[in-house]
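Please open the structure in your viewer and keep the selection tool at hand. The tour below goes from the whole chain to individual side chains.

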Amino acid sequence: MGGIFREGQVTLDELLTRIAYDQNNTRLALSTSGTTGGVYHKVDFIYNYTERILYTIEGGNCIKTPLTQPFERLCTPKDAVMTWGKTWLGGAGPNDELWILGFTGQLNNISYHMSFSQFPIIPVFETLIGDINGDPMYQNSNFMNVTVGIQDPAVFTPPPLCKAVDVKPPDSSTRRSHGILKI
């Protein structure tokens, strides 16, 4: 859940994004649904870096645009500072512990705080505060039900309606934004 200041009004966004990240085959799939300003919407993105194409599927339409940025591997930024060592989350049992590492830093005009599990390295949460192109922003993301490995490789396959669509010229929408996965 988050908010944005648009045209003098604060708009509340409540979104759920399912993410599939395939570092080995350089692809990323996002399926986002929820409400923005009280209006429900659903949009799917398939970033296929092998083909260098971004598929955007929304409302029965498909848009194909070239990916102009290289695939970015999931990593902690090089200048990140560890803010706290090991903390654990989990139940009361001896095998229920999950060690968590926290980091902070600054990337362009965005200050971030992020946490990862130690082994396997999985994002737990991130908070971003700053501005993008002069517009203030705040984003808090929690990662839940994370599994290691691709559960359903079909999420990386564009629907048949995308086959007949021509590639459009690139624009700013093909650039991944800020965050752990720069989504």
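**The whole chain**

Start with the protein chain selected: among its contacts (heavy atoms within 4.5 Å) between residues at least 6 apart in sequence, 35% join residues at least 24 apart. This is a predicted model, in which local features need pLDDT of at least 70 and side-chain atom pairs count only at pLDDT 80 or more, while totals for chains, interfaces and linings use all residues. Residues are numbered from 1 along each chain as its sequence is written, and side-chain values use heavy atoms, with hydrogens and water left out.

Switch next to a cartoon view, where the protein chain shows zero helices and eleven strands (DSSP runs numbered from the N terminus, H or I of at least four residues for helices and E of at least two for strands).

Now display the surface, of which the protein chain exposes about 11700 Å², with carbon and sulfur atoms supplying 55% of that area (Shrake-Rupley method, 1.4 Å probe; for residues, only the protein chains shown count as cover). Of the 183 residues in the protein chain, 31% are buried (under 20% relative accessible area, against over 50% for exposed and in between for partly exposed, with a 1.4 Å probe and protein chains only).

**Two salt bridges**

How many salt bridges does the structure hold? There are two, each a side-chain nitrogen of Lys or Arg within 4 Å of a carboxyl oxygen of Asp or Glu.

Select D22 and R27, whose side chains meet in a salt bridge at 2.8 Å, N to O; D22 is buried at 6% relative accessible area, whereas R27 is partly exposed at 22%. Then select K42 and D44, which are joined by a salt bridge at 2.9 Å, N to O, with K42 partly exposed at 38% relative accessible area.
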